[in-house]
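Open the structure in your viewer and keep the sequence beside it. Each stop below names something to select and then says what is there.

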Amino acid sequence: MSSGDEAIQAAAERAEHTGKRNIPQLEGLPIPGDTANLREGPNLNDACLALLPLVGVWRGEGEINYPTIDGPFRFAQQLTISHDGRPFLFHEARSWLLDADGNVIRQAARETGWWRPQPDDTIELLLAHSSGIIELFYGKPAKQAAWELGTDAVVRTASAKEVVAAKRLYGIVGNGDLGYVEERAMVGEPMTPHASALLQRVVG
């Protein structure tokens, strides 16, 4: 069996479990609820078709490091990317630190925001972080299932650490997982690799 056939078979096997799941919905909402499963809920808006592979709930592990911390540190993350039929995607990520055996040490970064694709293929990504940072990214698809973005503006509260700029690259890898890498310029350091992770689909 070729590697392409194996990837298709693996995706089909995963879909047996993930395709029957969705994010919880409260009854009685008089407008369309969010869905992270393209098989359910409102149709994905045509404006978001270039971002279709991102829709779902993803979980996995990664590594965080920076010259100003005593790393690297191992972390896990759940990333939810959902929609309600309008021309944007909702983004929510929760992370937690792990010890060498994979046990949870404590909760870590949280971020929430919106992917806003534009008619010229530009992507706006607005992210608000629990650490007091708000970032506005702009980017474009790097290829069919990869997206590269960099900050145009960073705003921080008086209590937040100094962040000057950031870059992110998201991509669907050959086996259907979602990988990403992030670089940051902060606390006096130039643009430097900061975090990377590989996430597996658990919904959608």
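The tour covers some paired strands and then one residue.

Keep in mind throughout that this is a predicted model.

**Stop 1: β6 and β7**

Select residues 133-143, which form strand β6, and residues 146-156, which form strand β7. The two strands are paired in the antiparallel sense, with ten bridges between them. To see one of these pairings, show F137 and look across to β7, where T151 is its bridge partner. Now follow the chain from β6 into β7: a hairpin of two residues makes the connection.

**Stop 2: β7 and β8**

Keep β7 selected and add residues 163-172, which are strand β8. How many bridges join β7 to β8? There are five, and these strands also run antiparallel. Show A146 next, and find G171 standing opposite in β8. The link from β7 to β8 is again a hairpin, here through six residues.

**Stop 3: S95 in β3**

Leave those strands and select residues 89-98, strand β3, where S95 is found. Is S95 buried or exposed? The relative accessible area of S95 is 10%, and buried means under 20%, so S95 counts as buried.

Show the side chains of S95 and Q77 together: they make a polar contact at 3.0 Å. Then add the other residues around S95. Leaving out residues up to four places away in sequence, S95 touches F75, A76 and Q77, and also Q107, A108 and A109.

As a last step, colour the side chains along a strand. In a regular strand, side chains alternate between the two faces of the sheet.

Definitions and conventions. Residues are numbered from 1 along each chain as its sequence is written. This is a predicted model: local features need pLDDT of at least 70, side-chain atom pairs count only at pLDDT 80 or more; totals for chains, interfaces and linings use all residues. Side-chain values use heavy atoms; hydrogens and water are left out. Two strands pair if DSSP finds at least two bridges between them. Helices (H or I, at least four residues) and strands (E, at least two) are DSSP runs, numbered from the N terminus. Buried means under 20% relative accessible area, exposed over 50%, partly exposed in between (1.4 Å probe, protein chains only). A polar contact is a pair of N or O atoms within 3.5 Å; within protein, one must be able to donate a hydrogen and the other to accept it, and residues adjacent in sequence count only if both atoms are side-chain atoms. Contact means heavy atoms within 4.5 Å.
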